[in-house]
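Trainee: I am new to this structure. Please take one charged residue and look at it closely, then show me how its surroundings fit into the rest.

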Amino acid sequence: MSPSSLVDAAASAVAADDAPADIIVLGKIVAPYGVHGALRVRPFADDPSGWSRLTHWWLAREGDAPEVWQQTRLLKCRLHNDVLIAELAGVVDRTAAEASCGKLVGVPRAALPPTAAGEYYWADLVGLAVINARGESLGRIIGLLDTPANAVMRVGDGQQGERLLPFVAAVVLAVDLPGRCVRVDWDLDW
């Protein structure tokens, strides 16, 4: 997905007073930056440099319901090494920035552009059943991790704990979003 299409779609699809029904998390506020209210934001999405063209970000704590997410005007945003440095309306000093730490940054699902063939939003994968080539259930995707090498699916079945499967072509044979499953080359005892 191109970062400009993400940003342009997000900016045009959400009016300032719309309440989002389905937020896709793009990153997390991790620390204050300086003394004037700037924030360090760890991005989860591809090419976060495009975020600076958004007029608003939606913020909430992890686990908050969609109606709790609050729209906040983005004043400034720039990429600094592997984090974003952002200034938001209402966050005017270091104390306010510290209070914002831990909040997630998101955008309404409707604002996101469609993915290309073979690309998926992580939010669309969470909850899908994971079935191996033998037709055996490994559980459901309970989350994904981003590692330097590749994305990793966290798969749990509620009984045997959690498995970590690399999200690479050698392991992931097919993703069936309408059928709500992912077919993998992975044995039960691995």
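Mentor: What follows starts at Arg-163 and works outward. Keep in mind that this is a predicted model.

Start with the setting. The protein has 190 residues, and 38% of them count as buried. It holds 3 helices and 12 strands. Take the contacts between residues at least 6 apart in sequence: 53% of these join residues at least 24 apart.

Now to Arg-163. It sits in strand S10, which covers residues 162–166. Is Arg-163 buried or exposed? Arg-163 is buried, and it has no salt bridge. The nearest side chain of opposite charge belongs to Asp-157, 4.3 Å away. A salt bridge needs a nitrogen and a carboxyl oxygen within 4 Å, so the 4.3 Å to Asp-157 does not qualify.

What does the side chain of Arg-163 reach instead? It comes to 2.7 Å from the backbone oxygen of Leu-188. Leu-188 also appears on the contact list of Arg-163. Leave out residues up to four places away in sequence, and the list runs: Leu-138, Met-153, Arg-154, Val-155, Asp-157, Trp-186, Leu-188 and Trp-190.

Pick Arg-154 from that list. Arg-154 touches Arg-163, and it also forms a salt bridge with Glu-162. The closest N and O atoms of that pair are 3.0 Å apart. Arg-154 is partly exposed at 25% relative accessible area. Glu-162 is partly exposed too, at 41%. Side chains of opposite charge can pair when their charged atoms come close.

How many salt bridges does the whole structure have? The search finds 3. One is the Glu-162 and Arg-154 pair just described.

Another joins Arg-134 and Asp-187, at 2.5 Å from N to O. Arg-134 lies in the loop between strand S7 (129–132) and strand S8 (137–146), while Asp-187 is in the segment after strand S12 (181–184), so this pair ties together parts that are 53 residues apart in sequence. Arg-134 is exposed, with 59% relative accessibility.

Then there is Arg-94 with Glu-98, 3.4 Å from N to O. Both belong to helix H2 (residues 94–100). They are 4 residues apart, and therefore about one helical turn separates them. Arg-94 is partly exposed at 35%, and Glu-98 is partly exposed at 42%.

Now for open space. Rolling a probe the size of a water molecule over the atoms shows where empty space is left. The largest pocket has a volume of about 1300 Å³. It is lined by 37 residues, and the closest to its centre are Val-25, Phe-44, Tyr-121, Trp-122 and Ala-123. Which elements give two or more residues to the lining? They are strand S1 (23–33), strand S2 (38–43), helix H3 (122–125) and S8.

Tyr-121 leads to a loop. Thr-115 is in contact with Tyr-120 and Tyr-121, leaving aside neighbours within four places in sequence. Thr-115 lies in the loop between strand S6 (104–108) and H3. At 33% relative accessibility, Thr-115 is partly exposed. Leu-112 is placed in the loop between S6 and H3 as well, but Leu-112 is buried, at 9%. Its C-alpha atom is 8.5 Å from that of Ile-24, although the two residues are 88 apart along the chain.

Compare a buried residue within a strand. Thr-72 lies in strand S4 (residues 70–80). It is buried at 15% relative accessibility. Beyond four places in sequence, Thr-72 touches Thr-55, His-56, Trp-57, Leu-59, Leu-88 and Ala-89.

Last, two backbone details. Most residues other than glycine have a negative phi. Asn-81 has a positive phi of about 60 degrees, and it is not a glycine. It lies in the loop between S4 and strand S5 (83–88). Asn-81 is exposed, at 69%. Arg-180 also has a positive phi of about 60 degrees without being a glycine. Its place is the loop between strand S11 (172–176) and S12. Arg-180 is partly exposed, at 41%.

Go back to Arg-163 to finish. It is buried without a salt bridge, its side chain reaches the backbone oxygen of Leu-188, and among its contacts is Arg-154, which pairs with Glu-162.

Key: Residues numbered from 1 in each chain as written. Predicted model: local features only at pLDDT ≥ 70, side-chain atom pairs only at ≥ 80, totals over all residues. Heavy atoms only, no water. Buried < 20%, exposed > 50% of the residue type's maximum accessible area, 1.4 Å probe, protein only. Lys, Arg positive; Asp, Glu negative; His and termini not counted. Polar contact = N/O pair within 3.5 Å; in protein donor to acceptor, adjacent residues only side chain to side chain. Contact = heavy atoms within 4.5 Å. 1 Å grid on protein atoms, 1.4 Å probe; cavity = no way out; pocket = protein on both sides within 12 Å on 5 of 7 lines; lining within 4 Å. Points joined across faces, edges and corners; volume = space filled by probe spheres on them.
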